[in-house]
Amino acid sequence: MSASIARATVRAVSRRKILPTRAALTLTPSAVNKVRQLLQNKPEYIGLKVGVRTRGCNGLTYTLDYTKEKDKSDEEVLQDGARVFIEKKAQLTLLGTEMDFVETKLSSEFVFNNPNIKGTCGCGESFNM
């Protein structure tokens with residue numbers, strides 16, 4: 001497995017009605033632009049892969065890596081030319097989640113706005129369901 005390409009922050013979203021979507025994950029326009037930008041000069045990669053690992057002080061954390069191929073059990077999200085693959089282990093944790101890309105003066109990162117999360121750690125990098 002290659003090294004992670006970006007940081008990701010998790011936010012629990014409360015009092016938000018989950019709407020049925022065609023994809024397990026929806027991307028904001030800024031996330032679409034960032035995914036396309038990351039893959040622009042890397043023709044050997046077909047998209048980004050989102051996974052979940054046991055890590056951090058609250059249990060789970062998301063991982064983002066480049067991928068060269070779609071595994072048989074991966075869920076593919078294709079939105080406005082941006083391809084994101086979801087590992088099988090992460091699929092249930094991402095249902096109804098919005099993936100955003102946020103840039104501030106201090107950081108730039110993908111943010112997962114997930115209505116299914118029960119709690120997060122203080123730094124926002126790990127969560128529990």
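This is a short walk through one predicted chain, from its overall make-up to its sheets, its core and one loop residue.

Some ground rules. The model is predicted, so to speak of a local feature I need pLDDT of at least 70, and side-chain atom pairs count only at pLDDT 80 or more, while totals for chains, interfaces and linings use all residues. Residues are numbered from 1 along each chain as its sequence is written, and side-chain values use heavy atoms, with hydrogens and water left out.

Start with the whole chain. It holds 2 helices and 10 strands. Helices (H or I, at least four residues) and strands (E, at least two) are DSSP runs, numbered from the N terminus. In sequence order the pattern reads β-β-α-β-β-β-β-α-β-β-β-β. Of the 129 residues, 43% are buried; buried means under 20% relative accessible area, exposed over 50%, and partly exposed in between, with a 1.4 Å probe and protein chains only. The accessible surface is about 7,700 Å², and 48% of that belongs to carbon and sulfur atoms. Those areas come from the Shrake-Rupley method with a 1.4 Å probe; for residues, only the protein chains shown count as cover. As for contacts, meaning heavy atoms within 4.5 Å, take those with a separation of 6 or more: 60% of them are between residues 24 or more positions apart.

Now the sheet. In which order do the 4 strands of the open sheet stand? The order is E1-E8-E7-E2, and the pairing is mixed. Two strands pair if DSSP finds at least two bridges between them. Strand E1, residues 8-12, and strand E2, residues 25-27, each have a single partner strand, so each has one side without a neighbour in the sheet. From one strand to the next the twist averages 30 degrees. E2 and strand E7, residues 97-103, run parallel and are joined by 3 bridges. Within that sheet, Thr-26 is opposite Glu-98 of E7.

Helix H1, residues 29-40, lies across E2, E7 and strand E8, which spans 108-114; the helix runs at about 70 degrees to E7. For such angles, axes are lines fitted to C-alpha atoms, for helices over the stretch in contact, and the angles run from 0 to 180 degrees between N-to-C directions.

Next, strands E3 to E6. E3, residues 47-54, is joined to E4 by 8 bridges, and the two run antiparallel. Gly-51 has Thr-63 in E4 as its bridge partner. E4 itself, residues 60-67, has 7 of its 8 residues buried. E3 also runs parallel to E6, with 3 bridges, and there Lys-49 is the bridge partner of Phe-85. On E6, Phe-85 also has Glu-76 opposite it. Glu-76 brings us to strand E5, residues 75-79, which runs antiparallel to E6 with 5 bridges. Because 4 of the 5 residues of E6, residues 82-86, are buried, E6 is largely enclosed by the rest of the structure.

One residue of E6 is Val-84. Its relative accessible area is 1%, so Val-84 is buried. Setting aside neighbours within four places in sequence, Val-84 contacts Leu-25, Leu-27, Val-35, Leu-48, Val-50, Glu-75, Glu-76 and Val-77. Leu-25, by the same kind of count, touches residues including Val-84, Ile-86, Leu-94 and Met-99.

That leads to the core. A nonpolar core is a set of buried Ala, Val, Leu, Ile, Met, Phe, Trp, Tyr and Cys residues joined through side-chain atoms within 4.5 Å. Which members of the largest core, with its 27 residues, touch the most other members? They are Leu-25, Leu-27, Val-35, Leu-94, Met-99, Phe-110 and Phe-112. E1, E2, H1, E3, E4, E6, E7 and E8 each give two or more residues to this core, and H1 has the largest share, 5 residues.

Aromatic rings next. Rings of Phe, Tyr and Trp (its six-membered ring) pair if their centres lie within 6.5 Å; planes under 30 degrees apart are stacked, over 60 edge-to-face, and the rest tilted. The count is 3 pairs. One of them, Phe-101 with Phe-110, is edge-to-face, at 5.1 Å centre to centre and 65 degrees between the planes. Phe-101 is buried at 10% relative accessible area, and Phe-110 is buried at 0%.

Last, a loop residue. Is Asp-80, in the loop between E5 and E6, buried or exposed? Asp-80 has a relative accessible area of 59%, so it is exposed. Most residues other than glycine have a negative phi. Asp-80 has a positive phi, near 50 degrees, in a hairpin with 2 residues between the strands.
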